[in-house]
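Notebook open, model loaded. I want to go through the pockets, the packing and a few single residues.

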Amino acid sequence: MSRSARVVVVSTRAAGGQYADRTGPVIRAWLQERGFETPEPMVVADADVAGALPRVLAEHPDVLLTTGGTGASPDDRTPEATLALLDAELPGLAEELRRRGAATTPTALLSRGRAGVTGRTVVMNLPGSTGGVRDGLEVLDGVLDHLLDQLAGGDH
């Protein structure tokens, strides 16, 4: 059974070509190592995240991971755009990500990222830093297969 995943990079500067995104490829490689069919990350400006997420979800991926746009800046709108689309939140994932990050980087507590389920798609916002992405992927590593099994109606 093949599984699919999508990665959305939310960064106005990366979308504008001011710098190359470094987080999307890390997430994509992690997903591919776990057998997910994952195309190149979609890179969108912060202002475009609310329109991009529904387009990606219309493809019904098993997993949608975002990176960026989760801080306290007025431009950071990823959590709001995500929350509007969730059928159910999984706050423990986002809380654990913040807890792990804060152990080495106190500003990780400022991340407002969300996690949850839309239909049968697992959605999680990861920070825009490579360290925050690594922390988030570690959080998912222990639970993602079980969560996907539950969403598919498997025994839990």
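Which residues lie nearest the centre of the largest pocket? I looked: Val10, Ser11, Arg13, Tyr19 and Gly128 do, out of 20 that line the pocket.

Ground rules before I go on. I am working on a predicted model, where local features need pLDDT of at least 70, side-chain atom pairs count only at pLDDT 80 or more, and totals for chains, interfaces and linings use all residues. Residues are numbered from 1 along each chain as its sequence is written, and side-chain values use heavy atoms, with hydrogens and water left out.

**Entry 1, pockets**

I got about 350 Å³ of space for the largest pocket. A pocket here is an open set of points on a 1 Å grid over the protein atoms alone, with protein on both sides within 12 Å along at least five of seven lines, and lining residues have an atom within 4 Å of a point. Grid points are joined across faces, edges and corners, and a volume is the space filled by probe spheres set on the points.

The elements giving two or more residues to the lining of this largest pocket are β1 and α1 (12-15). Helices (H or I, at least four residues) and strands (E, at least two) are DSSP runs, numbered from the N terminus. By class, I noted four nonpolar, ten polar and six charged residues in that lining. For the classes, Ala, Val, Leu, Ile, Met, Phe, Trp, Tyr, Cys and Pro count as nonpolar, Asp, Glu, Lys and Arg as charged, and the others, Gly among them, as polar.

The second largest pocket holds about 290 Å³. Its lining has 19 residues, and Ala108, Pro127, Gly128, Ser129 and Gly132 lie nearest the centre. So Gly128 turns up in the central group of the largest pocket and in that of the second largest, by the definition of lining I am using. Here α5 and α6 each supply at least two lining residues, and the classes come out as three nonpolar, 13 polar and three charged.

**Entry 2, a cavity**

I found one cavity of 30 Å³ or more, with a volume of about 30 Å³. A cavity is a set of grid points where a 1.4 Å probe fits but cannot get out. Ala94, Leu97, Arg98, Ser111, Gly113, Arg114, Met124 and Asn125 line the cavity. The largest share, three residues, comes from α5. The lining divides into three nonpolar, three polar and two charged residues.

**Entry 3, cores**

Next I checked the packing. The largest nonpolar core has 24 residues, and Ile27, Leu31, Val63, Leu65, Met124 and Leu144 have the most contacts inside it. Such a core is a set of buried Ala, Val, Leu, Ile, Met, Phe, Trp, Tyr and Cys residues joined through side-chain atoms within 4.5 Å. Among the elements giving two or more residues to this core are β1 (3-10), α2 (23-33), β4 (63-67) and β7 (121-126). Another core, of twelve residues, lies apart from it and includes Val49, Val56, Leu64 and Leu86.

I followed Leu65: beyond its neighbours within four places in sequence, its contacts (heavy atoms within 4.5 Å) include Ile27, Leu31, Met124 and Leu137.

**Entry 4, two threonines**

Is Thr78 buried or exposed? Buried, at 0% relative accessible area; the cut-offs are under 20% for buried, over 50% for exposed and partly exposed in between (1.4 Å probe, protein chains only). Thr78 lies in helix α4 (residues 78-83), and a polar atom of its side chain is 3.0 Å from the backbone oxygen of Gly68. Leaving aside neighbours within four places, I listed Val10, Val49, Thr66, Gly68, Gly69, Thr70 and Asn125 as its contacts.

Thr38 sits in the loop between β2 (36-37) and β3 (42-44) and is buried too, at 5%. Its side chain reaches the backbone oxygen of Phe36 at 3.2 Å. Beyond four places in sequence, Thr38 is in contact with Ala5, Val7, Arg28, Leu31 and Gln32.

**Entry 5, a phi value**

Most residues other than glycine have a negative phi. I flagged His60, whose phi is near 55°, a positive value. His60 lies in the loop between α3 (49-57) and β4 and counts as exposed at 64% relative accessibility.

Terms used:
A polar contact is a pair of N or O atoms within 3.5 Å; within protein, one must be able to donate a hydrogen and the other to accept it, and residues adjacent in sequence count only if both atoms are side-chain atoms.
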